Amino acid sequence: MTILVTGATGNIGRKVVDHLLARGASDIRALTVDPAKAALPSEVDAVKGYLRKLDTLPSAFEGVSSMYLAPTPDTVEEVIALARKAGVEHIVDLSGEPESWWGTCSTAVERSGVDWTHLWPGDFMENSLMWADQIRRTGTVREPYPGSASTPIAMDDIAAVAAAALLDDTHRGKAYLLTGPEILTRTDLVAHISAALGREIEFVRSTPDETVRALSPAMGDNTRWYVENVLTYFEAGAPAPNTLVEDITGRPATRFADWARAHAREFA
């Protein structure tokens with residue numbers, strides 16, 4: 001059974017490869033723009049391809065039975081059509097609920113007729129790294145809604161769930177709303193990073209425009225969209241924590257305090 005991991009050198013895809021290997025998978029194909037620079041384990045078959053360059057995909061899909069699909073809403077319909085034509089039987093997609101930003105991906109996968117497993121994570125713990133630049137420069141974090149909350153999940157936990165779903169047919173036809181183990185406000189997150197660094201970081205309540213200016217060095221062109229959409233979305237309240245990560249992988253979901261300690265050097 002050949003498993004294809006798309007976005008195999010990306011933030012989550014690379015971790016999916018590692019978790020598949022840890023679970024004993026032996027026929028892994030990794031889709032990457034430049035196999036020579038991918039630095040993937042030797043037992044992984046790295047093939048050249050990109051989900052936004054459709055002509056690169058038919059040979060990569062050949063002989064694949066299951067695949068992890070990284071989200072590319074602009075080409076998802078064409079990608080899935082090519083996968084189905086090649087005989088792919090099961091797609092584990094990183095997407096979102098139908099009404100969400102990434103909902104077009106899960107909807108397209110379902111419409112294809114291919115067996116599916118949807119992974120619907122909320123806020124990534126890694127998103128807090130957008131604060132690293134201003135923490136290093138100013139010792140502060142500037143945002144408009146200190147009490148808004150999310151249930152952040154570590155990318156490694158998402159990847160672990162993806163690997164389990166690719167290897168176990170009982171996950172087919174299921175949509176998993178993945179959460180971390182606790183609801184945390186924006187000020188909670190900053191406090192945990194502060195504790196991990198061993199120094200005070202001040203949360204400064206700022207206007208949306210001030211927040212855009214503070215985050216732009218790290219986020220670039222996406223900053224205003226993030227401030228006006230994602231941060232506003234957190235104001236609506238966080239989903240309750242669930243135990244899906246532990247139920248599926250057999251290990252508890254990562255707590256943000258532990259994640260912050262493990263990544264402290266990236267903020268320092």
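**Helix H8, the parallel sheet and a surface patch**

In this predicted model, helix H8 spans residues 208–219 and has Thr211, Val212, Ala214 and Leu215 among its buried residues. As for what sits over them, the cover includes helix H5 (132–138), strand S7 (140–143) and helix H9. Right after H8 comes Gly220, whose phi is positive, at about 65°.

Helix H9 itself runs over residues 223–234 and carries Tyr233. Tyr233 is partly exposed, given its relative accessible area of 48%. Together with Trp101, Trp102 and Trp225, Tyr233 makes up a nonpolar patch on the surface, and the four add up to about 480 Å² of accessible area.

Then there is the sheet. Seven strands line up in the order S3-S2-S1-S4-S5-S6-S9, paired in parallel, and the sheet is open. Strand S3 (45–48) and strand S9 (174–178) sit at the edges with a single partner strand each, so one side of each has no neighbour in the sheet. On average, neighbouring strands here are turned by 20° against each other, direction ignored.

Looking further into the sheet, strand S5 (residues 90–94) and strand S6 (residues 115–121) run parallel and are joined by five bridges. Ile91, for instance, has Trp116 of S6 as its bridge partner. Helix H3 (residues 76–86) packs on this sheet, where it touches both S5 and strand S4 (64–69). The direction of H3 makes about 165° with that of S4.

Methods: Residues are numbered from 1 along each chain as its sequence is written. This is a predicted model: local features need pLDDT of at least 70, side-chain atom pairs count only at pLDDT 80 or more; totals for chains, interfaces and linings use all residues. Side-chain values use heavy atoms; hydrogens and water are left out. Two strands pair if DSSP finds at least two bridges between them. Helices (H or I, at least four residues) and strands (E, at least two) are DSSP runs, numbered from the N terminus. Axes are lines fitted to C-alpha atoms, for helices over the stretch in contact, and angles run from 0 to 180 degrees between N-to-C directions. Contact means heavy atoms within 4.5 Å. Patches are made of residues with over 30% relative accessible area and no salt bridge: like charges are joined within 9 Å, nonpolar side chains (Val, Leu, Ile, Met, Phe, Trp, Tyr) within 5 Å. Accessible areas come from the Shrake-Rupley method with a 1.4 Å probe; for residues, only the protein chains shown count as cover. A salt bridge is a side-chain nitrogen of Lys or Arg within 4 Å of a carboxyl oxygen of Asp or Glu. Buried means under 20% relative accessible area, exposed over 50%, partly exposed in between (1.4 Å probe, protein chains only).
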